[in-house]
Amino acid sequence: MIHKKVAIVSGGAMGYKDGGASIGGAAAIRLARDGYAVVVVDEGAMGQRTVDAIKQNGGEALFLQLDVTNSENVHKIIATTKEIYGALTCLVNCVARYSPDMAKNIADISEEEWSKTLDVNLNSYFKMAKYTIPLMTESGGGAIINISSIESFVALPNFSVYSVSKGAVDALTRTIAVDFAPHIRANSILPGFVKVANSEGTRTPEELELWYQEISKQYPLQRVCEAEEIANVVAFLASDESSYINGQSIVVDGGKGIADAHSF
Ligand SMILES: NC(=O)c1ccc[n+]([C@@H]2O[C@H](COP(=O)([O-])OP(=O)(O)OC[C@H]3O[C@@H](n4cnc5c(N)ncnc54)[C@H](O)[C@@H]3O)[C@@H](O)[C@H]2O)c1
């Protein structure tokens with residue numbers, strides 16, 4: 001069966017805690033609501049939770065549990081998408097690596113950790129885009145949406161390789177936008193702090209509430225972002241409503257980045 005709207009979302013699993021919030025999961029669910037058949041890809045088994053949620057709402061989706069840093073897996077994802085849905089019109093790259101070992105400055109981080117993180121946060125975005133572009137072009141064009149971060153523009157202390165990977169994702173987005181227009185538009189989304197299950201760690205519900213309250217103080221909107229608020233922007237950038245937006249880094253940080261810290 002050939003679908004008109006087909007999306008691949010990498011990193012589309014729900015958060016590990018009982019299918020808790022994640023940006024990729026929310027994006028996949030939102031795209032399915034907008035009529036896309038969605039191929040959810042994740043190395044974690046919770047991708048099935050995303051697909052179950054989509055199907056419960058009458059949507060169309062399938063889950064591929066694969067590591068997207070591996071080129072053979074990327075080819076498998078594209079071949080399956082073509083075989084099952086016959087087309088591809090949207091790619092959302094959303095995987096990321098957040099290992100405590102990578103939370104280091106460049107003097108302390110090992111070369112191995114540096115490379116491993118770039119392999120997930122940057123090289124997988126490159127491979128997924130590189131190998132999906134032919135199918136997207138054959139399908140009449142579409143949108144590539146890369147999930148970056150405000151760390152592309154600012155540096156969180158001792159989070160060196162993450163910032164570098166996100167800066168490079170924005171540059172990758174621009175080069176795709178220039179080289180593959182007019183049929184393919186590419187944009188990136190730069191969230192500030194977003195409430196997702198995988199960053200909760202071992203905090204109790206009370207500790208989590210205090211943690212969110214503390215972070216919220218840095219944000220003019222005085223609250224942290226929900227995964228669905230990033231998914232809304234994904235849906236917009238995937239749709240014709242954003243038909244003249246190409247190669248942009250869209251900051252979704254509640255105004256944090258434009259707020260001055262001092263007062264008179
Ligand atoms: N949560 C935030 O505050 C925040 C802020 C800014 C940007 N982001 C970005 O949003 C995106 C989603 O992050 P999230 O916060 O929802 O976290 P998350 O941990 O819920 O999502 C990342 C997903 O990627 C998957 N993944 C990691 N490596 C993979 C690989 N090699 N192959 C396949 N799947 C892999 C993980 O299993 C996980 O499900 C990331 O790009 C992250 O950098 C998050």
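User: In this predicted model, which residues of H5 are buried?

Analyst: The model is a prediction. A residue counts as buried if 20 or more other C-beta atoms lie within 10 Å of its own. In H5, the buried residues are Ser160, Val161, Tyr162, Ser165, Lys166, Val169, Leu172, Thr173 and Ile176.

User: What do the buried residues of H5 pack against?

Analyst: The partners are one helix and two strands. The strands are S5 (142-147) and S6 (184-191). The helix is H4.

User: How far apart are the end C-alpha atoms of helix H5?

Analyst: H5 covers residues 160-180, which is 21 residues. At 1.5 Å a residue, H5 should span 30 Å. The model agrees, with the end C-alpha atoms separated by 30 Å.

User: Where is Cys225 found, and is Cys225 buried or exposed?

Analyst: Cys225 lies in strand S8, residues 225-226. Cys225 has 20 C-beta neighbours inside 10 Å. The cut-off for burial is 20 or more, so Cys225 counts as buried.

User: Which residues does Cys225 touch, not counting residues up to four places away in sequence?

Analyst: One run of contacts is Pro191, Gly192, Phe193, Val194 and Lys195. The others are Ile230, Val252 and Gly254.

User: How far apart are the C-alpha atoms of Cys225 and Ser160?

Analyst: Ser160 is one of the buried residues of H5. Along the chain, Cys225 and Ser160 are 65 residues apart. Their C-alpha atoms are separated by 23 Å.

User: Why do the buried residues of H3 line one face of the helix?

Analyst: The buried residues are Val74, Ile77, Ile78, Thr81 and Tyr85. Seen down the axis of H3, they line one face because they fall within an arc of 90°.

User: Which exposed residues sit on the face of H3 turned away from its buried side?

Analyst: The buried side packs against strands S1 (6-10), S2 (37-42) and S3 (60-65), and against helix H4 (111-138). The face turned away from that side carries Glu72, His75, Ala79 and Glu83.

User: Which residue just after H3 takes a positive phi?

Analyst: H3 runs over residues 71-85. Just after H3, a positive phi of about 75° belongs to Gly86.

User: What is the orientation of H1 and H2 to each other?

Analyst: H1 (residues 23-33) and H2 (residues 47-56) pack with their axes 10 Å apart. Gly25, Ala28, Ile29 and Ala32 in H1 meet Thr50, Ala53 and Ile54 in H2. The angle is about 25°, and angles under 35 degrees count as roughly parallel. H1 and H2 are therefore roughly parallel.

How values were computed: Residues numbered from 1 in each chain as written. Predicted model: local features only at pLDDT ≥ 70, side-chain atom pairs only at ≥ 80, totals over all residues. Helix = DSSP H or I, 4+ residues; strand = E, 2+ residues; numbered from the N terminus. Expected span 1.5 Å × (residues − 1). Buried ≥ 20, exposed ≤ 12 C-beta atoms within 10 Å, placed from the backbone. Arc of directions from axis to C-beta. Contact = placed C-beta atoms within 7 Å. Axes fitted to C-alpha atoms, helices over the stretch in contact; angles between N-to-C directions. Parallel < 35°, antiparallel > 145°, perpendicular 65-115°, else oblique.
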